[in-house]
Amino acid sequence: MAGAGTLVMSLWKVPDDETRELMEHLYKELAVAAPADALRSAQLHLLKKLRADGDTNPVLWGAFIASGEQ
């Protein structure tokens, strides 16, 4: 019963700047959304920012998954 109900993890190494950006948005969203929904919102936020910079490489935003209680 103790411990984390949901884990957010990366399937591959992601650069620090993109990870920080995603995690900052994720933690803001966790206040109002379920973990999987918060992660999706964070990924879409990062994708939108990357798109504005001309880069949509999924290596930078698609590595993260939520596993566990949703």
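## Overall fold

Reading from one end of the sequence to the other, you will meet the pattern β-α-α-β. That amounts to two helices and two strands, where helices (H or I, at least four residues) and strands (E, at least two) are DSSP runs numbered from the N terminus. This is a predicted model, in which local features need pLDDT of at least 70 and side-chain atom pairs count only at pLDDT 80 or more, while totals for chains, interfaces and linings use all residues. Residues are numbered from 1 along each chain as its sequence is written, and side-chain values use heavy atoms, with hydrogens and water left out.

How does the chain, with its β-α-α-β pattern, compare with a globular protein of that length? Its radius of gyration is 12 Å, close to the 11 Å that the globule rule gives for 70 residues, so the chain is as compact as a globular protein of that length. The radius is taken over C-alpha atoms, and the rule is 2.2 Å times the number of residues to the power 0.38. Along the principal axes, the C-alpha atoms fill a box of roughly 45 × 25 × 15 Å.

## Surface, contacts and charge

Of the 70 residues, 24% count as buried. Here buried means under 20% relative accessible area, exposed over 50%, and partly exposed in between (1.4 Å probe, protein chains only). The chain exposes about 4,800 Å², and carbon and sulfur atoms supply 56% of that area; the areas come from the Shrake-Rupley method with a 1.4 Å probe, and for residues only the protein chains shown count as cover.

A contact means heavy atoms within 4.5 Å. Among contacts between residues at least 6 apart in sequence, 68% join residues at least 24 apart. As for charge, the mean positions of the 7 positive and 10 negative charges are 4 Å apart. Lys and Arg count as positive and Asp and Glu as negative, with His and the chain ends not counted; each charge is placed at NZ of Lys, CZ of Arg, CG of Asp or CD of Glu.

## Helix H2 and its cover

Helix H2 (35-52) follows helix H1 (16-30) after a loop that holds Ala34. At 1.5 Å a residue, the 18 residues of H2 should span 26 Å, and its end C-alpha atoms are indeed 26 Å apart; the expected span is 1.5 Å times one less than the number of residues. Just after H2, Gly54 takes a positive phi of about 85°.

Which residues of H2 are buried? They are Ala38, Leu39, Ala42, Gln43, Leu46, Leu47 and Leu50. An α-helix has 3.6 residues a turn, so residues three or four places apart point the same way. The cover over the buried residues of H2 includes strand E1 (6-10), H1 and strand E2 (64-68).

## Two residues of helix H1

Leu26 sits in helix H1 and is buried, with a relative accessible area of 3%. Beyond its neighbours within four places in sequence, Leu26 is in contact with Val8, Pro35, Ala38, Leu39 and Ala42. Leu26 and Ala36 are ten residues apart in sequence and 9.7 Å apart in space, C-alpha to C-alpha.

His25 is also in helix H1, and at 17% relative accessibility it counts as buried. Setting aside residues up to four places away in sequence, His25 touches Ser41, Ala42 and His45. The C-alpha atoms of His25 and Gln43, 18 residues apart along the chain, are separated by 8.7 Å.

## Two loop residues

Is Val14, in the loop between E1 and H1, buried or exposed? At 9% relative accessibility, Val14 counts as buried. Not counting neighbours within four places in sequence, Val14 is in contact with Thr19, Val59, Leu60, Ala63 and Phe64. Val14 and Val59 are 45 residues apart along the chain, and their C-alpha atoms are separated by 7.0 Å.

Ala34, in the loop between H1 and H2, is partly exposed, with a relative accessible area of 27%. The C-alpha atoms of Ala34 and Val59, 25 residues apart along the chain, are separated by 24 Å.
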